[in-house]
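Biologist: Please take a close look at a single part of this structure, and tell me how it is put together.

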Amino acid sequence: MSSATTSASGGRPVLAPPPDATEPVRHPDAPAPGTPLGPHYDQCFGCGDDQPYGLHLAVRAGEGVGVTAEFTVRPAHQGAPGLAHGGVLASALDETLGSLNWLRRVIAVTGRLESDFLRPVPVGATLHLSARCTAVAGRKMYASAEGRIGGPQGPVAVRAQALFVEVGVSHFTSNGRPEEIRAAMSDPDQVKVVRAFEVGP
Ligand SMILES: CCCCC/C=C\C/C=C\C/C=C\C/C=C\CCCC(=O)SCCNC(=O)CCNC(=O)[C@H](O)C(C)(C)COP(=O)(O)OP(=O)(O)OC[C@H]1O[C@@H](n2cnc3c(N)ncnc32)[C@H](O)[C@@H]1OP(=O)(O)O
């Protein structure tokens, strides 16, 4: 019997790479380890500078197909008094995982995200996130992430496993609200981001 966590064929967990999956490949032009990746869209809830209640996640390239990031929980991110909302923490994991695609120079969107919440995360705390791509199979990228509190070596508060699916720019231009697409396409910085992805390996 299949379930939400097992594939229709063979009963393999959905987030387990298939036997023909390959090692992820870092693009030769990927930024050096330690380089800030910068926002992919200034209105992005995860990384955008112009999103007042956003997470303002600061992501840096790591080794291989890996990244690190920091997110400081603000009062706008509460679920219970003084504590981060779980959906916000899942967003931080999602954004960190999504950034891995920069290092592969592939545009991809989250297909599936499974999160574990291990410790409450207070307002004012900085979540130290890290993510790595574990495998690639066709358009599918498998990845995992964790977030620690109290410092980069502190206890793990949240972790996630995810599947991203490669898409073309038309995923956004065909489905996004036209006002925002038009604005994005007339912003030279945004066009530069899209071009960086279109020049593949
Ligand atoms: C001018 C505009 C500029 C736009 C900006 C451009 C570039 C900027 C650069 C980067 C920005 C990119 C992303 C944003 C980055 C970070 C934010 C965090 C990430 C997100 O927050 S992003 C938002 C949430 N995300 C979605 O909004 C996705 C909605 N969704 C869909 O759009 C489709 O659902 C899609 C595309 C996922 C698949 O659709 P599809 O038709 O293309 O492909 P298909 O269904 O065939 O799946 C292919 C293979 O993936 C397997 N598969 C698919 N889904 C699965 C699942 N859930 N579980 C297990 N396996 C799954 C299939 O089983 C099959 O596997 P197999 O090949 O083995 O059969």
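**A strand and its partners**

Modeller: In β5, R132 has S144 as its bridge partner. This is a predicted model, in which local features need pLDDT of at least 70 and side-chain atom pairs count only at pLDDT 80 or more, while totals for chains, interfaces and linings use all residues. Residues are numbered from 1 along each chain as its sequence is written. Strands are DSSP runs of E with at least two residues, helices are runs of H or I with at least four, and both are numbered from the N terminus.

The bridge at R132 belongs to β4 and β5 (residues 140-148), which pair antiparallel over 9 bridges; two strands pair if DSSP finds at least two bridges between them. The two strands form a hairpin with 2 residues between them, and G138 in the turn has a positive phi of about 60°.

β4 (residues 126-137) is also joined to β2 (residues 66-72), by 7 bridges and again antiparallel. Along this pairing, A69 stands opposite L129, and F71 has L127 as its bridge partner. β2 in turn pairs with β1 in the antiparallel sense over 4 bridges, where A61 is partnered by V67. The hairpin of β1 and β2 has 4 residues between the strands, and G64 in it takes a positive phi near 55°.

Of the 7 residues of β2, 5 are buried, so the strand is largely enclosed by the rest of the structure. Buried means that 20 or more other C-beta atoms, placed from the backbone, lie within 10 Å of the residue's own; exposed means 12 or fewer, and partly exposed is in between.

The strands also contribute to the largest nonpolar core, a set of 38 residues in which A92, L97, L100 and A143 touch the most other members. Such a core consists of buried Ala, Val, Leu, Ile, Met, Phe, Trp, Tyr and Cys residues joined through C-beta atoms within 7 Å. β1 (58-61), β2, α1, β4, β5 and β6 each give two or more residues to this core, and α1 gives the most, with 8.

Helix α1 is mostly covered, with 16 of its 19 residues buried. Its end C-alpha atoms are 29 Å apart, which agrees with the 27 Å that 19 residues should span at 1.5 Å a residue; the expected span is 1.5 Å times one less than the number of residues. Just after the helix, R105 has a positive phi of about 55°. L97 touches A131, A143, A145, A160 and A162, leaving out residues up to four places away in sequence. Contact here means C-beta atoms, placed from the backbone, within 7 Å.

α1 (86-104) is also among the elements that supply at least two residues to the shell around the ligand; others include β3 (108-117) and β6 (156-166). β3 has the largest share, 4 residues. G98 is one of the residues that come nearest, out of 26 around the ligand; a residue is near if its C-beta atom, placed from the backbone, lies within 6 Å.

Back at the other end of the strand series, T35 sits in the segment before β1. T35 is in contact with R60 and A61, neighbours within four places in sequence being left aside. It counts as exposed because it has 12 C-beta neighbours inside 10 Å.

Technical notes
Two residues are in contact if their C-beta atoms, placed from the backbone, lie within 7 Å.
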